[in-house]
Amino acid sequence: MQIDPFVFWTSIVVIVAATVLLVLNKATAEPYLDKIMTSITYKMDWAFQFLTIGLFVLLIWIAFSKYGKIKLGDGNPEFSTFSWGTMLFTAGMGTSIMYWSMLEPIFYFTGPPFGIEPESKEAAEWALTYGLFHWGISAWSLYAFPTVVIAYSYFVRKRPSLKLSTALSGALGKYADGWLAKLIDVLVIWSLVGGLGTSLGLGVPMVSAVVGSIFGIQQSLMLDTIIVVSITIIYSASAYMGLHKGIKRLSDINVYLALALAIFVFIVGPTSFILTYFSNSFGLMVQNFAYMSFYTDPINKGGFPQGWTVFYWAWFAATAPFMGLFVARISKGRTLRELITHMLLWGSIGGWIYFMVFGGYTMNLQLSDILPVKDILSENGGPATVVEILKSLPLSYIVLPFFVILAIIFLSTSLDSATYILAAIATKELKEGQEPARWHRMVWGTILAVLSITLLLIGGLRVIQTSAVIVSVPIFVIYLLLIVSFFKWLKQDFPKM
């Protein structure tokens, strides 16, 4: 399997050059990029809101129309429904769900939407509601639509390539094999690397803080580096072993461990409060789903929807091409209806369980004056707060090491699937059932590891994260092209339907 020299080398040059430039000019780049990102979230808020809800409506229509019966490839599904679900969930969520399910409700409690008084009873009612909204069906709609188009291109149209540019060929026409298509693939690689920067930027300091607490040592760059190296060994081994022997098994283990931790906290925590609080919050979300989906706060200009909702939609959109490519690859034998309903449900339910348990547990600590979570968060930051929340649990001496193992595996499952897809994008042709060359997967695994350690050492992770969200602007246009491409193909392939 040949590499695509232009995509491979251009991506590496762009990643290295952009990283070096961003890091060397960190002092000026950070405020400048922040300014661009603020401009995007304020000026394009309506666009991202309409895109997200529009995709959800479109997906439901596809799933329950005649097109929902279209089968992706021949024969039976390649993976069991459970393993398929675990892979798509772990690729999409990573350690972000572990971090934000604990802390996000506290941020909403102290800085609520709709002009509600901070730290009031009403703010507490909305604290979990918005977490369920941001990590639910809307986010997974942004992931699911590119998946549908890429899977259709790969399995139904038999285009032997796992690239976004191939899925856009219906809209791009004669430009589908030219420089524009190759630049789109390079852009996808950059957005993927930036998205992984976000996962590492959240995950590594959190793991480092918990490890430091277990062994009574200070969080340091050396400790961060050791954690990154450990993660690299796991995800590289998993990507090397391939989809069936590596990525699938690690994802299965990941979900078993994640469920075990959630069940433990649910049982030893305030079970009754967790259930009633979730029930109330879920009801609020369902009742106000349309309002939250279109809320831009144009009169008061409090900035809540831009700082949270629009930022999230842009972040999910930036990483969606990777999710689309990976989930499309593992979805052989499924129908479009299965693909859409399972992605929307598996993903959302997994996120909701974590927010229900960990968000409910954390809010109870705060509201019952057991632990001043908001004060710890404002004074010591997120990772230290996660440590204190975990230490408040019974058997914390077992919970803390378990949490570290789970977080490392969560990071590894995101990175092994990313390494696999990076190699797939930079491969010229990839027929059904084929995998990118092992050496190629290892090259991308090494690049990600070196990049992560370098950025940790010089504190440049946040700049890369911000640049990844900025990439969501061209990705927005790509969504529109995906819609055009998909419906053009449906018209050609099923004229009678």
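**Close-up 1. Trp-179 in helix H10 of the predicted model.** Trp-179 belongs to helix H10. The helix runs over residues 179-215. Is Trp-179 buried or exposed? Its relative accessibility is 61%, so Trp-179 counts as exposed; the cut-off for that class is over 50%.

**Close-up 2. A nonpolar patch on the surface.** Trp-179 has company here: Phe-6, Tyr-175, Leu-180 and Leu-183 join it in the patch. Together these residues make about 530 Å² of nonpolar surface. Which helix gives the most to the patch? Helix H10 does, with three residues.

**Close-up 3. The second largest pocket.** Its volume is about 260 Å³. The lining has 16 residues, and those closest to the pocket centre are Ser-161, Lys-163, Thr-166, Ala-176 and Asp-177. Rolling a probe the size of a water molecule over the atoms shows where empty space is left.

**Close-up 4. What lines the second largest pocket.** Eight residues of the lining are charged, five are polar and three are nonpolar. Helix H8, residues 164-167, supplies at least two lining residues, and so does helix H10. The largest share comes from H10, with three residues. Helix H10 thus appears in both settings: it contributes to the nonpolar patch and to the lining of this pocket.

**Close-up 5. Helix H17, mostly covered.** This helix spans residues 382-391. How many of its 10 residues are buried? Seven are. They are Gly-382, Pro-383, Thr-385, Val-386, Val-387, Ile-389 and Leu-390.

Key. Residues are numbered from 1 along each chain as its sequence is written. This is a predicted model: local features need pLDDT of at least 70, side-chain atom pairs count only at pLDDT 80 or more; totals for chains, interfaces and linings use all residues. Side-chain values use heavy atoms; hydrogens and water are left out. On a 1 Å grid over the protein atoms alone, a cavity is a set of points where a 1.4 Å probe fits but cannot get out, and a pocket is an open set with protein on both sides within 12 Å along at least five of seven lines; lining residues have an atom within 4 Å of a point. Grid points are joined across faces, edges and corners, and a volume is the space filled by probe spheres set on the points. Helices (H or I, at least four residues) and strands (E, at least two) are DSSP runs, numbered from the N terminus. Ala, Val, Leu, Ile, Met, Phe, Trp, Tyr, Cys and Pro count as nonpolar, Asp, Glu, Lys and Arg as charged, and the others, Gly among them, as polar. Patches are made of residues with over 30% relative accessible area and no salt bridge: like charges are joined within 9 Å, nonpolar side chains (Val, Leu, Ile, Met, Phe, Trp, Tyr) within 5 Å. Accessible areas come from the Shrake-Rupley method with a 1.4 Å probe; for residues, only the protein chains shown count as cover. A salt bridge is a side-chain nitrogen of Lys or Arg within 4 Å of a carboxyl oxygen of Asp or Glu. Buried means under 20% relative accessible area, exposed over 50%, partly exposed in between (1.4 Å probe, protein chains only).
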